[in-house]
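Me: I should like to go through the labels applied to this structure and the grounds for each. Please begin with the residue cited below.

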Amino acid sequence: GRRVAIIAAAVIVIVIAIGISVTVAGNSAEKKFEAIAKLDSQYTALTAMDETTDEYRTAVDQFLSDADALIASSKDYPGIKASYLKGLYEFSQKNYSAAASIFEAVSVSAKGSYLGSLSLINGAAAYENAGDQAKALEFYNKVWDDYGKNAAESTKALFNIGRIYEQKDDKELT
């Protein structure tokens with residue numbers, strides 16, 4: 001009897017410990033997803049603000065600080081999405097090289113997902129704006145190579161590949 005009581009008590013303690021662990025992990029994940037929702041809202045608000053105001057500069061500082069904190073604390077979706085939003089910000093500021101680097105990293109971290117293909121398209125656009133057509137072509141081709149016709153961005157990638165080749169007066173698509 002005593003042995004059964006000890007085993008039962010041990011099982012109860014283990015179940016309670018597991019319950020606490022699951023609750024803590026769930027709360028942590030929930031907080032990260034709340035943080036990414038907040039960061040997404042911050043970015044959307046930035047796009048509507050007057051960039052010449054102090055309010056904008058303060059909002060940018062807060063956005064970048066929050067993005068960096070989320071990137072540092074999460075290697076999964078919230079951190080990857082925070083990086084993606086930071087890439088969008090850099091692109092909007094015409095920091096195309098920085099944006100391209102961010103989108104390239106996100107495309108690797110999010111490979112196989114919608115965010116991965118979207119990052120490739122945005123990275124290609126950033127490289128193109130930075131004047132690197134070869135790297136832009138590489139990224140546009142990677143959308144098709146990695147995602148085929150299944151990505152929403154595939155047709156845009158193919159169109160841009162053709163457009164760049166046409167600009168280069170290369171009608172053979174070699």
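Me: What does Ser74 touch, apart from residues up to four places away in sequence?

Reply: In this predicted model, Ser74 touches Lys32 and Gly79, with residues up to four places away in sequence not counted. Ser74 lies in the loop between α2 (54–73) and α3 (77–92).

Me: Why is Ser74 called buried?

Reply: The relative accessible area of Ser74 is 2%. Buried means under 20%, and Ser74 is therefore buried.

Me: How do you know that the span of helix α6 is close to the expected one?

Reply: Helix α6 (residues 133–147) has 15 residues. The expectation is 1.5 Å times one less than the number of residues, which gives 21 Å for α6. From first C-alpha to last, the helix reaches 21 Å, close to that expectation. Just after α6, Gly148 takes a positive phi of about 60 degrees.

Me: Which residues of α6 are buried, and what covers them?

Reply: The buried residues are Ala136, Leu137, Phe139, Tyr140, Val143 and Tyr147. Their cover includes α4 (96–109), α5 (114–129) and α7 (154–167).

Me: What makes Tyr140 a member of the largest nonpolar core?

Reply: A nonpolar core joins buried residues of certain types, Tyr among them, through side-chain atoms within 4.5 Å. Tyr140 is buried, and it is one of four residues that touch the most other members of this 26-residue core, together with Tyr84, Val106 and Leu115. At least two core residues come from each of α3, α4, α5, α6 and α7; α5 gives the largest share, seven residues.

Definitions and conventions. Residues numbered from 1 in each chain as written. Predicted model: local features only at pLDDT ≥ 70, side-chain atom pairs only at ≥ 80, totals over all residues. Heavy atoms only, no water. Helix = DSSP H or I, 4+ residues; strand = E, 2+ residues; numbered from the N terminus. Buried < 20%, exposed > 50% of the residue type's maximum accessible area, 1.4 Å probe, protein only. Contact = heavy atoms within 4.5 Å.
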